[in-house]
Amino acid sequence: MKIRPHISIKNLSVYFDQQRVLKDITIDIPDRKITVIIGPSGCGKTTLLKSLNRLLDPLDGVKISGKILVDGEDIYDPKTEVTHIRKKMGLLSQRPQALPMSIYDNVAYGPRIHGHKDKKKLDKIVADHLKLAGLWDEVKDRLGEPASRLSVGQQQRLCLARGLAVEPEIILGDEPTSALDPQSSQNVERRLTELKKDYTVVVVTHILRQAKRIADYIAFLYLGELIEHGPAEEIFANPSDPRTRAYLTGEIS
Amino acid sequence: MTLPLTKRRSIHRKVEEGVFRVLMVASMVIVVGCLVLIVGTIIWKGLPALSLSMITQTPKGGYYLGREGGILNAIMGSLYLASGATLLALMFSLPVVLFINLYNKKNSRLAEWTRFSFDVLWGIPSIVYGAFGFIVMIFLGLRASLLAGIFTVALLEFPIMSRAMDEVIRLVPRSLLDASYSLGATRLETALKVVVRQCLPGILTAVLIAFGRGIGDAASVLFTAGFTDRLPTSLFQPAATLPLAIFFQLGTPFPEVQERAYASAAVLTVMILLISLLARGLIKKSTKHIIK
């Protein structure tokens, strides 16, 4: 597989207070593929994901060194507008986090912030993205209802629609199915697989079977180090590092 | 005969449960009883003096000794004063609280000091605010007026409102902020469109508490708002207030005027009751979209 990188991470280290959580990570994340970050809990998967859209910097005591280039642009450059970086990436969190407003307003929130005012256009944006996230049929008659009334699985797809509505290039998923029932999980997985033709998808998961189902590219993290990365078939069929092998066979988890 | 240990333990736990239940119920009865007694006394003693003219007319024969007319001057004065002060306090309170919660690191020193100073300010007696307001007033060459009263009461309400708001805004989960940030929203957009919405019931409650405190306070307006028999027409004229009306009427030697003090107190209580009910309706409505 030839890699056309969309995101290039170069020598990224992240420190929480004195503790080094990510150690010198260098990896290219391929364009329009699903890259899955796997590894035991506490290995820094989520930290790596959050560093991609700069959600780490408001936290206390976080220090970051190294570079992350998105489309060749250094996102930690002081001149880079943080809102611009985040707009490029839609985030799905572990538990879907709907905003305290109606279903419609949840999806329209992003576009409104970025300057869309025309009611008709907004209607279309909301409808299109709810369809894209596979939620439209379930909510089209109750767009004015509070988003909190949806089930957790529906809320996760709402969050997907909301993220897509700002027209990002990248979708980040932080264990996006961990709070969902099997059917909703499957639904979200299917959406992600469909979306990869237009978007670069980066998903963190601790479920190996899920990684096998959706991954084109795999990055294995262990204790804050990037142990191995490469095309999914290769890694799963023939891991080169003994630690990867141990993780894949369930010896470390 | 001794019972087996588990049995004894279970009886012990049942007794414990029962005793504490009785204590809790007793506390509740005492608190609710006091409330009923206070309201009952006010109404019972004020009822003979309560009439329509009480709430539709201004005093005749002076607020101190007058036995005729009503307290419309104080009703209007109190409403203007407390509304103005609450609005003013809100204008400063909300930005401060949003700032310490969203623009600072969690548990930042600045935020902690601000919270500490709210707590201290909360504990300062209102007569001190009154005296402070009076000094500032003299310094600025103002006389006792509705405006000076509004400033002073706003000062009194500010820490109360801020601390109550802070408690709810602090509880906004990090993930909710992240959800908004990750869509490319700025902190300000997140604060105004997400945090304020999520915390609206708490914010309204804070406003209500502060309003209640402001409308019922006598000491802070004693020197600053003054008192008058006329209806308030200008920010720069003295304004009457209900707590002071009660204070003056109670201070007279005539029982029939003292009765009017209780009637005034009843009016104030009913006003607070109505405003609370209205606010509760609003708060209930505003919880619709809250994310739990």
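Analyst: Welcome! In this predicted model, a nonpolar core means a set of buried Ala, Val, Leu, Ile, Met, Phe, Trp, Tyr and Cys residues joined through C-beta atoms within 7 Å.

User: Which residues have the most contacts inside the largest nonpolar core?

Analyst: They are A:Ile218 and B:Met161, and the core itself has 140 residues. Ile and Met are both on the list of residue kinds that a core may hold, so these two fit the definition. The element that gives the most to this core is helix H6 (residues 146-169) of chain B, with 14 residues.

User: What makes a residue a contact of A:Ile218, and which residues beyond its neighbours within four places in sequence are in contact with it?

Analyst: The test is that the two C-beta atoms, placed from the backbone, lie within 7 Å. A:Val36, A:Ile38, A:Ala211, A:His229, A:Gly230, A:Ala232 and A:Ile235 are in contact with A:Ile218, so each of them passes that test.

User: How do you know whether chain A is as compact as a globular protein of that length?

Analyst: Start with its make-up: chain A has 10 helices and 10 strands. For 253 residues the globule rule gives 18 Å, and the radius of gyration of chain A is close to that value, at 18 Å, so the chain is as compact as a globular protein of that length. Its C-alpha trace spans about 55 × 40 × 35 Å along the principal axes.

User: What radius of gyration does chain B have, set against a compact globule of 292 residues?

Analyst: Chain B has 24 Å, whereas a compact globule of 292 residues would have a value near 19 Å. Along its principal axes, the C-alpha trace of chain B spans about 75 × 70 × 35 Å. This chain contains 12 helices and two strands. The domain assignment gives it domain 1 (5-49) and domain 2 (52-286), with C-alpha centres 32 Å apart. Seven residues from domain 1 of chain B and eight from domain 2 of chain B take part in the contact.

User: What makes a residue count as buried, and what percentage of chain B does?

Analyst: A buried residue has 20 or more other C-beta atoms within 10 Å of its own. In chain B, 39% of the 292 residues count as buried, and in chain A buried residues make up 47% of the 253.

User: How do the residues of the side of chain A that touches chain B divide?

Analyst: The contact takes 24 residues from chain A and 22 from chain B. On the chain A side, 11 are nonpolar, eight polar and five charged.

Key. Residues are numbered from 1 along each chain as its sequence is written. Chains are lettered from A and ligands numbered from 1 in the order in which they are written. This is a predicted model: local features need pLDDT of at least 70, side-chain atom pairs count only at pLDDT 80 or more; totals for chains, interfaces and linings use all residues. Domain bounds come from an automatic or database domain assignment. Helices (H or I, at least four residues) and strands (E, at least two) are DSSP runs, numbered from the N terminus. The radius of gyration is taken over C-alpha atoms; the globule rule is 2.2 Å times the number of residues to the power 0.38. A residue is buried if 20 or more other C-beta atoms lie within 10 Å of its own, exposed if 12 or fewer, and partly exposed in between; C-beta atoms are placed from the backbone. Ala, Val, Leu, Ile, Met, Phe, Trp, Tyr, Cys and Pro count as nonpolar, Asp, Glu, Lys and Arg as charged, and the others, Gly among them, as polar.
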